[in-house]
Amino acid sequence: MLSAVLVAAVVGGGVLVLLRRLFPQQKPAEPLRFPAGAMRGKTVIITGANSGIGKALAGELLKLQARVIMACRDRGRAEEAARELRSQAGQEQGELVIKLLDLASLRSVRSFCEEITKEEPKIDVLVNNAGLYQCPYTKTEDGFEMQLGVNHLGHFLLTHLLLDLLKKSAPSRVVVVSSKLYKYGSINFDDLNSETEYDKAFCYSQSKLANLLFTLELAKKLEGSGVTVNALTPGIVRTNLGRHVAIPFLAKPLFNLASMAFFKSPLEGAQTPLYLACSPEVEGVSGKCFANCKEEELTPAATDEQAAKRLWDVSCRMVGITEE
C-alpha cells in the first residue's frame with residue numbers, strides 16, 4: 001500500500017511539474033466585457049457547442065444577443081446544453097439553433113453546409129472548436145485517422161463549403177481553436193493518415209499544427225475578401241477533451257487537485273475565442289494566433305508557408321475539393 005501511495009505521489013508530482021512547464025500562465029486577469037447587444041443581428045456557428053469551451057462560448061454569445069448555431073454530433077446533448085444556456089442567459093438574450101454535424105463524416109459536413117447555405121442569409125462568425133484528444137486508433141467514415149479527420153480535415157471541408165456565404169457576409173470572421181501542444185508535432189506527409197504507425201500524442205499535436213498551417217494559408221487566400229481568419233491556443237481547460245487519457249486510480253485525486261489549481265474553467269477558456277469573435281480590436285486582423293486575448297508568437301513549424309501550401313493541397317485531395 002505504501003509503495004502504491006509513493007507511486008501516486010510521484011505521478012501526481014510529475015503531472016504538476018509538467019503542467020507548470022506547459023501552461024505557466026493559465027488564467028486571464030479579467031473576463032471580457034462587451035456592451036449589451038454587441039452581437040445582436042449576428043449569426044455565429046460553433047462546432048462542438050454542447051460542452052467545454054464551445055458551450056461556454058455559446059452561452060456568452062447568447063447573452064450578447066447573437067444567433068448561435070450549435071453544430072453538434074449528438075442532438076440530445078445539444079438540446080440539454082441549450083436548455084441550460086437559455087436558463088442562464090437572462091431576459092435579453094439571442095437565439096440558439098441546433099444543427100447536426102459529425103466532423104468524422106464528410107457526408108455529414110456536406111449535408112450540414114447545404115442546410116446552412118439554404119436556410120441562413122449570412123454567417124458573421126464561424127468558430128472551428130470541436131476536437132478529439134489522444135483517442136485510440138480509429139478511422140473516420142471516410143477512412144482518415146480520427147484525430148486528423150475531426151480536428152483538421154472535417155473543419156477544412158466545413159470552412160471551404162461555407163466560404164462563399166462568409167464572403168457574402170463580409171466583414172466576417174473564422175476562428176480556429178488550436179493547442180499549445182502543436183509544438184510537439186510535425187506534419188508527416190509520408191504517412192499523414194498514420195497507416196504505418198500510430199502515436200496518439202503525436203497525432204493530436206500534428207492535427208493542432210495542421211490547424212495553424214490551415215489558418216496561415218487560408219488567410220493568404222482570403223486577402224481582400226473582407227473575411228479574416230485567426231487561430232488561438234486556449235491553454236489547458238477543464239473539459240471532457242481528455243476522456244481518452246488513462247490516469248492511474250491512485251493518482252486521480254492529485255490530478256483533480258492539479259486541474260483545479262492550474263486548469264482554466266470552460267468560461268475562462270472561452271475568453272480568447274470570444275475576443276476573436278466579437279472584439280473590434282481584431283477587425284481586419286488575419287493569419288495570426290492568439291493566447292489570453294493577445295497575439296502569440298509561433299514556432300517556425302507553424303509559420304512555414306511551404307508546408308502550409310503543401311498541406312492545403314493534400315487536404316483538398318483528401319476531402320475531394322477541386323479548386324479553380
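## Two cavities and a helix with two sides

Helix H5 (146-168), strand E5 (172-177) and helix H6 (200-221) each give at least two residues to the lining of the largest cavity. Please keep in mind as you look around that this is a predicted model.

Let us begin with the empty space. The structure contains 2 cavities of 30 Å³ or more. In the largest cavity there is about 50 Å³ of space. Its lining is made up of Asn128, Asn151, His152, His155, Phe156, Val176, Val177, Lys208, Asn211 and Phe214. H5 makes the largest contribution to this lining, with 4 residues. Sorted by class, the lining of the largest cavity holds 4 nonpolar, 5 polar and 1 charged residues.

The second largest cavity encloses about 30 Å³ of space. Around this second largest cavity you will find Arg173, Val174, Val175, Thr228, Asn230, Leu276 and Val282. Here E5 and strand E6 (227-232) are the elements that supply two or more residues to the lining. E5 has the largest share of the lining of the second largest cavity, at 3 residues. E5 is thus a handy landmark: it is among the elements that supply at least two residues to the lining of the largest cavity, and it also contributes to that of the second largest.

Here are the two cavities in brief.

| Cavity | Space | Lining by class | Largest share of lining |
|---|---|---|---|
| Largest cavity | about 50 Å³ | 4 nonpolar, 5 polar, 1 charged residues | H5, 4 residues |
| Second largest cavity | about 30 Å³ | 4 nonpolar, 2 polar, 1 charged residues | E5, 3 residues |

Now for a helix. Helix H3 covers residues 75-88, and its 14 residues should span 20 Å at 1.5 Å a residue; the end C-alpha atoms are 20 Å apart, so the expected span and the model agree.

Which residues of H3 are buried? They are Ala78, Ala81, Ala82 and Leu85. These buried residues lie on the same side of H3, because they cover an arc of only 105° around the axis. An α-helix has 3.6 residues a turn, so residues three or four places apart point the same way.

Turn to the other side of H3 and you meet Glu80, Arg83 and Ser87, which are exposed. And what do the buried residues of H3 pack against? Their partners are helix H2 (52-63), strand E2 (67-72) and strand E3 (95-100).

Methods:
Residues are numbered from 1 along each chain as its sequence is written. This is a predicted model: local features need pLDDT of at least 70, side-chain atom pairs count only at pLDDT 80 or more; totals for chains, interfaces and linings use all residues. Side-chain values use heavy atoms; hydrogens and water are left out. On a 1 Å grid over the protein atoms alone, a cavity is a set of points where a 1.4 Å probe fits but cannot get out, and a pocket is an open set with protein on both sides within 12 Å along at least five of seven lines; lining residues have an atom within 4 Å of a point. Grid points are joined across faces, edges and corners, and a volume is the space filled by probe spheres set on the points. Ala, Val, Leu, Ile, Met, Phe, Trp, Tyr, Cys and Pro count as nonpolar, Asp, Glu, Lys and Arg as charged, and the others, Gly among them, as polar. The expected span of a helix is 1.5 Å times one less than its number of residues. Buried means under 20% relative accessible area, exposed over 50%, partly exposed in between (1.4 Å probe, protein chains only). The arc is that of the directions from the helix axis to the C-beta atoms. Contact means heavy atoms within 4.5 Å.
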